[in-house]
Amino acid sequence: MVKVMKTCSKSVNVITHPAPHHADEVFAVAMLSFVFKDVRVFRTRDLEKIKKANKNIIICDVGGKYDSDNNKFDHHQADFNETRPDGTLYAAAGLIWRKYGDEIITKVYPVDQATAIEIAEVIDNNFVKYIDSNDNGQSNSGDKTSISAIISSFNPMWDRNENPNLLFERAVRFARDVLRRTIESTASKIRGSKSVAELLNNYSSNDPILILDKPIGGWLESVLNSKNPVVKGLLYCVFQSEENNWCIRAIPPDTANPMQQRKPFPAPWRGLRGSELVEISGVETAKFCHRSGFFAAASTKDDAIKLAKLSVEF
């Protein structure tokens, strides 16, 4: 549980700055809520109070110092130069994640240490890095639906009498839920990627149709990122949907062109569904073909494979 305290009492274990809050310290505190059973936050910019704080208190996004070994995680000072290999500066969220990320993962999603480190790196590169980038002014995005914008929406409104500390707690609870789900979904994708790699290792390089007997999350990204040479010859993937239909996805040429297809479904099929698609394709349970030519579906696995083979030969 996260609770904002009015004074720097003995129970306080985190110090950060007062309102308005930002995504980097909100997520930093949310991360620490997985490290500690209870997080007691004191919000201040008073350097004298910060200097007098217990050395075991984690000070993040305030205080003017970065010293991970001594629990200081600010990034605003002139001599701060902690950057990722791609040049993205660290902010409070990234600094906390760099120290505690793999520990947090093992508490949320029990895995071995090597897998925890792998998951932590992926989450930093795909999620935490963008929170830091936004906070440091390195992002050019004005996206009002970004996680940073959403967290900012939890700040008090000018025309309401709202308690900033209660809103901070709400923002942290929301961030904690997002972080937990991000950890779980990332771990699932990594497991899926390994399953796809095993499947590709046993696949024929002459078969342009990949068949997944069970849904594997993130399969398309895994295929496109694979270095296995059989991937170059793949045109379609057949897999079962959550609604128990069988889907066929035309595979893009690469990750840089996700909206294109190596071979789209035939133009006469596109936009058709039901009996119209059955008639023109000759496949009994054909259900739908997207007007853009990247997706089609049938009621049975065998018929989905027939649609894919007909499209290969078209």
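1. Which helices and strands do the buried residues of helix 3 pack against? In this predicted model, the partners of those buried residues are helix 1 (23-35), helix 4 (113-135) and helix 6 (164-201), together with strand 4 (58-60), strand 5 (66-67) and strand 6 (72-73). The buried set in helix 3 consists of Ala92, Ala93, Gly94, Leu95, Ile96, Trp97, Tyr100, Gly101, Ile104, Ile105 and Val108.

2. The course of helix 3 deserves a careful look, since the helix bends by about 65° at tyrosine 100, a residue that is itself listed among the buried ones. Between the end C-alpha atoms of helix 3 (residues 92-108) the span is only 21 Å, whereas a straight helix of 17 residues would span 24 Å at 1.5 Å a residue.

3. Helix 3 also carries a salt bridge, in which the side chains of glutamate 103 and lysine 107 meet at 3.5 Å, N to O. These two residues both lie in helix 3 and are four residues apart, about one turn of the helix. Glutamate 103 is partly exposed, with a relative accessible area of 32%, and lysine 107 is likewise partly exposed, at 45%.

4. A search of the whole structure finds ten salt bridges, and some of them join separate elements. Glutamate 118 forms a salt bridge with lysine 194, with 3.8 Å between the closest N and O atoms; because glutamate 118 lies in helix 4 and lysine 194 in helix 6, this pair ties together parts that are 76 residues apart in sequence. Glutamate 118 has a relative accessible area of 32% and is partly exposed, and lysine 194, at 43% relative accessibility, also counts as partly exposed.

5. Aspartate 213 and lysine 301 form a further salt bridge, their closest N and O atoms being 2.5 Å apart. Aspartate 213 lies in the loop between strand 7 (209-211) and helix 7 (219-225), and lysine 301 in helix 9 (residues 301-313), so the pair ties together parts that are 88 residues apart in sequence. Aspartate 213 counts as exposed at 56% relative accessibility, while lysine 301 is partly exposed, with a relative accessible area of 28%. Elsewhere, salt bridges that share partners join Arg84, Asp124 and Asp132 into one network.

6. Turning to the rings, a search of the whole structure finds nine aromatic pairs. One of them is formed by tyrosine 66 and phenylalanine 80, which meet edge-to-face, 5.9 Å centre to centre and with 85° between the planes. This pair links distant parts of the chain, with tyrosine 66 in strand 5 and phenylalanine 80 in the loop between strand 6 and helix 3, 14 residues apart. Tyrosine 66 is partly exposed, with a relative accessible area of 25%, but phenylalanine 80 counts as buried at 13% relative accessibility. Ring pairs link Tyr66, Phe73 and Phe80 into a cluster.

7. Two charged side chains should be examined alongside the rings. Arginine 98 lies over the face of tyrosine 90, at 4.3 Å from the ring centre, and arginine 176 lies over the face of phenylalanine 34, at 4.0 Å from the ring centre.

How values were computed. Residues numbered from 1 in each chain as written. Predicted model: local features only at pLDDT ≥ 70, side-chain atom pairs only at ≥ 80, totals over all residues. Heavy atoms only, no water. Expected span 1.5 Å × (residues − 1). Bend = angle between axes of the 7 residues up to and from the residue. Buried < 20%, exposed > 50% of the residue type's maximum accessible area, 1.4 Å probe, protein only. Contact = heavy atoms within 4.5 Å. Phe/Tyr/Trp six-rings, centres within 6.5 Å; stacked < 30°, edge-to-face > 60°. Lys NZ or Arg CZ within 6 Å of the ring centre and 35° of its normal. Salt bridge = Lys/Arg side-chain N within 4 Å of Asp/Glu carboxyl O.
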